[in-house]
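Colleague: I would like to learn how the words for a model like this one are earned. May I ask about them one by one?

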Amino acid sequence: MGERFLQEKQQLLPIIGTHPCARKVRASVNSLSLVNFETNAYSVPTRYAGRKDAQINAYVNHIEINIDGNCVAKHERSYEKLQEIFEVDHYLDELERKPRSIQHARPVRRANLPPSYQEFYKRSLSKYGHGKEFIKLLKLHREFTMETVERAVASCVKEQLYTADSVRHYLYLMTQPEATKPAPIKYEMEQSVTVKAPTFSPYDQLLQKGRYIH
């Protein structure tokens, strides 16, 4: 039986890949970088605003939005009506060019951010008059996990440091191996240094000699 199977195996056809069990719909991206599906709107990165060739693959529990053959956005599918489903990261590049508009940005206002983020945002906005530091903070999620960034933000709020570079510094301390961290520099001195006051008598002697020559 085993020998017969080996002979038959050479004649078998390859297994066909499974077909995605999704409803496929063509859609356009509006000026707010939203794609409408049924009664709801889902966000895509702002660089795709105005595109007319998006394709929605609607699965039972999520939807995928494809442009140019690539999945550019993925959202949990909503079965409610007239909902706007935003992904904050989709708008960060545009907000970074217009940091003062962050106060009116619906994706940010509707985001369920941790209390430490809200405190960082409020303090940095009050201190600098714009949301650039907060936008840079949110972009750190592209490099680090949500949990790690949240811990770093909490440390910065505790120390009253409201810049994205401060958050990145804490992220570096938490994620880099101990061996790669530079040793702290100590400026301790065993004894004080005394500097003698300069004397100008040699210059006076040179001036006296110059007078005799003339």
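**Words and their cut-offs**

Modeller: Start with Leu-82, which sits in the loop between strand S6 (70-76) and strand S7 (84-85). Strands (E, at least two residues) and helices (H or I, at least four) are DSSP runs, numbered from the N terminus. This is a predicted model, so local features need pLDDT of at least 70 and side-chain atom pairs count only at pLDDT 80 or more, while totals for chains, interfaces and linings use all residues. Residues are numbered from 1 along each chain as its sequence is written, and side-chain values use heavy atoms, with hydrogens and water left out.

Colleague: Why is Leu-82 called exposed?

Modeller: Its relative accessibility is 72%. Exposed means over 50% relative accessible area, buried means under 20%, and partly exposed lies in between (1.4 Å probe, protein chains only). Leu-82 at 72% therefore counts as exposed.

Colleague: What is notable about the phi of Leu-82?

Modeller: The phi of Leu-82 is positive, about 55°, although Leu-82 is not a glycine. Most residues other than glycine have a negative phi. Glu-38 also has a positive phi, near 55°. Glu-38 lies in the loop between S2 and S3.

Colleague: What makes Glu-38 partly exposed?

Modeller: Glu-38 has a relative accessible area of 48%. That value falls in the middle class, so Glu-38 is partly exposed.

Colleague: How do you know that Glu-38 and Arg-23 form a salt bridge?

Modeller: A salt bridge needs a side-chain nitrogen of Lys or Arg within 4 Å of a carboxyl oxygen of Asp or Glu. For Glu-38 and Arg-23 the N to O distance is 3.1 Å. The pair qualifies. It links distant parts of the chain: Arg-23 is in strand S1 (residues 23-27), and the two partners are 15 residues apart. Arg-23 is partly exposed, at 47%.

Colleague: How many salt bridges does the whole structure have?

Modeller: The search finds 15. One of them joins Asp-93 and Lys-139, again at 3.1 Å, N to O. Asp-93 lies in helix H2 and Lys-139 in helix H5 (residues 132-139), so this pair ties together parts 46 residues apart in sequence.

Colleague: Are Asp-93 and Lys-139 buried or exposed, and what decides it?

Modeller: Asp-93 has a relative accessible area of 28%, so Asp-93 is partly exposed. Lys-139 has 19% and counts as buried.

Colleague: Which other pair can you show me?

Modeller: Lys-98 and Glu-94 meet at 3.4 Å, N to O. Lys-98 is partly exposed at 48%, and Glu-94 is partly exposed at 27%. Elsewhere, salt bridges that share partners join Asp-89, Asp-93, Glu-96, Lys-139 and Arg-142 into one network.

Colleague: How many disulfides does the structure hold?

Modeller: Zero. A disulfide needs a pair of cysteine sulfur atoms within 2.5 Å. Take two cysteines by their accessibility. Cys-21, at 69%, counts as exposed. Cys-156, at 0%, counts as buried.

Colleague: What makes a set of residues a nonpolar core?

Modeller: The members are buried Ala, Val, Leu, Ile, Met, Phe, Trp, Tyr and Cys residues, joined through side-chain atoms within 4.5 Å. The largest such core has 27 residues. Tyr-117, Phe-120, Phe-134, Leu-137, Val-153 and Val-167 have the most contacts inside it. Helices that each supply at least two of its residues include H4 (115-128) and H7 (164-175). Helix H6 gives the largest share, five residues. In soluble globular proteins, nonpolar side chains tend to be buried together.

Colleague: What makes an empty space a pocket?

Modeller: Use a 1 Å grid over the protein atoms alone, and a 1.4 Å probe. A pocket is an open set of points with protein on both sides within 12 Å along at least five of seven lines. Lining residues have an atom within 4 Å of a point. Volume is the space filled by probe spheres set on the points, which are joined across faces, edges and corners. The largest pocket holds about 310 Å³. Of its 15 lining residues, Leu-32, Tyr-91, Leu-95, Ala-105 and Pro-107 are closest to its centre.

Colleague: Which classes of residue make up the lining of the largest pocket?

Modeller: Seven are nonpolar, five polar and three charged. Asp, Glu, Lys and Arg count as charged; Ala, Val, Leu, Ile, Met, Phe, Trp, Tyr, Cys and Pro as nonpolar; the others, Gly among them, as polar. The second largest pocket holds about 160 Å³, and its lining has five nonpolar, one polar and three charged residues.
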